[in-house]
Amino acid sequence: ALLDLRRVDEAIAALDAAEKYAVGTHAYVNFAINLGVAQERVARADAALATFAKVVGTSEHGGLILQVGIANAALQTGDLPRANEAMLRAREARWTGVRLYTRALLRAGRVDEARELMLELLRNPNWRGQMLADVQNYRTLPPLPAERDEFARFKALVNLPEVHQAILEVGHIENFDFPHP
């Protein structure tokens, strides 16, 4: 919540304290991944990679979050081979978090892959609702440092004629004066 309020230093401090508190417990993996993701989102890539390196043994969805975090942090440091390797691992678990995976593709500049995935999700009645919820116009806060390009690419993706048409075939886009739920 603190990160969503853009209280970056407080958010990182709280997550860091929680991660340290959880050492040796079953909750450690979750806290460590959350800390690493927060560090990556505020462009502290080296700290994020160090945090992610401590994580061992995740669920399939936890593995997706971990690999997306590693890919995003590696992109920030310019380590493209590491980012690509992490994206390959994330792809294996993409169905546990398609929104996260789509955003990771956008962050990596893989807009064509994100477009194909979005079109596939819009055609699938099991995933369509989530994708329609994501494309609505919600009130937004300024993006965090590492997310600026991703947000711009997402807007551009939704406005591509073939994507926009696919959205209109199964739903519509509305404006909401509250943040994405």
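The following paragraphs describe the fold, the nonpolar cores, the salt bridges and two individual residues of one protein chain.

The structure is a predicted model, in which local features need a pLDDT of at least 70 and side-chain atom pairs count only at pLDDT 80 or more, whereas totals for chains, interfaces and linings use all residues. Residues are numbered from 1 along each chain as its sequence is written, and side-chain values use heavy atoms, with hydrogens and water left out.

The secondary structure of the protein chain consists of 10 helices and zero strands, where helices (H or I, at least four residues) and strands (E, at least two) are taken as DSSP runs and numbered from the N terminus. Along the sequence, the pattern accordingly reads α-α-α-α-α-α-α-α-α-α. The radius of gyration of the protein chain is 17 Å, which agrees with the value near 16 Å for a compact globule of 181 residues; this radius is taken over C-alpha atoms, and the globule rule is 2.2 Å times the number of residues to the power 0.38. Along the principal axes, the C-alpha atoms fill a box of roughly 50 × 35 × 30 Å. Of the contacts in the protein chain with a separation of 6 or more, 63% are between residues 24 or more positions apart, a contact being defined by heavy atoms within 4.5 Å.

The accessible surface of the protein chain amounts to about 9,700 Å², and 55% of that surface belongs to carbon and sulfur atoms; accessible areas come from the Shrake-Rupley method with a 1.4 Å probe, and for residues only the protein chains shown count as cover. Of the 181 residues, 40% count as buried, with buried meaning under 20% relative accessible area, exposed over 50%, and partly exposed in between (1.4 Å probe, protein chains only).

In soluble globular proteins, nonpolar side chains tend to be buried together. The largest nonpolar core in this model has 40 residues, of which Y101, M118, L122, V135 and I167 touch the most other members; such a core is a set of buried Ala, Val, Leu, Ile, Met, Phe, Trp, Tyr and Cys residues joined through side-chain atoms within 4.5 Å. When residues up to four places away in sequence are not counted, M118 touches M131, V135, F154, L157, V158 and V163. A second, separate core comprises eight residues, among them V8, I12, V42 and L144.

The model contains 16 salt bridges, each being a side-chain nitrogen of Lys or Arg within 4 Å of a carboxyl oxygen of Asp or Glu. One of them joins the side chains of E85 and R89, at 2.9 Å from N to O, and both of these residues lie in helix 5 (residues 80–92), four residues apart, or about one turn of the helix. E85 is partly exposed at 40% relative accessibility, and R89 is also partly exposed, with a relative accessible area of 43%.

Another salt bridge, of 2.8 Å from N to O, is formed by the side chains of R99 and D134. This pair links distant parts of the chain, with R99 in helix 6 (residues 98–107) and D134 in helix 8 (residues 128–135), 35 residues apart. R99 is partly exposed, at 31% relative accessible area, whereas D134 is buried, at 6%.

In the salt bridge between E162 and R115, the closest N and O atoms are 3.6 Å apart. Here too the pair links distant parts of the chain, 47 residues apart, with E162 in helix 10 (residues 161–170) and R115 in helix 7 (residues 111–123). E162 counts as partly exposed at 43% relative accessibility, while R115 counts as buried at 16%. In addition, a network of salt bridges links E40, R41, R103, R107, E147 and E150.

Two of the network residues, E40 and R107, are also in contact with N72, as is A104, when neighbours of N72 within four places in sequence are left aside. N72 lies in helix 4 (residues 60–77) and is buried, with a relative accessible area of 5%. The C-alpha atoms of N72 and P181 are 23 Å apart in space, the two residues being 109 residues apart in sequence.

A43, by comparison, lies in the loop between helix 2 (28–41) and helix 3 (45–53) and is partly exposed at 42% relative accessibility. Leaving aside neighbours within four places in sequence, A43 is in contact with Q76, P145 and A146. A43 and A114, which are 71 residues apart in sequence, are separated by 22 Å from C-alpha to C-alpha.
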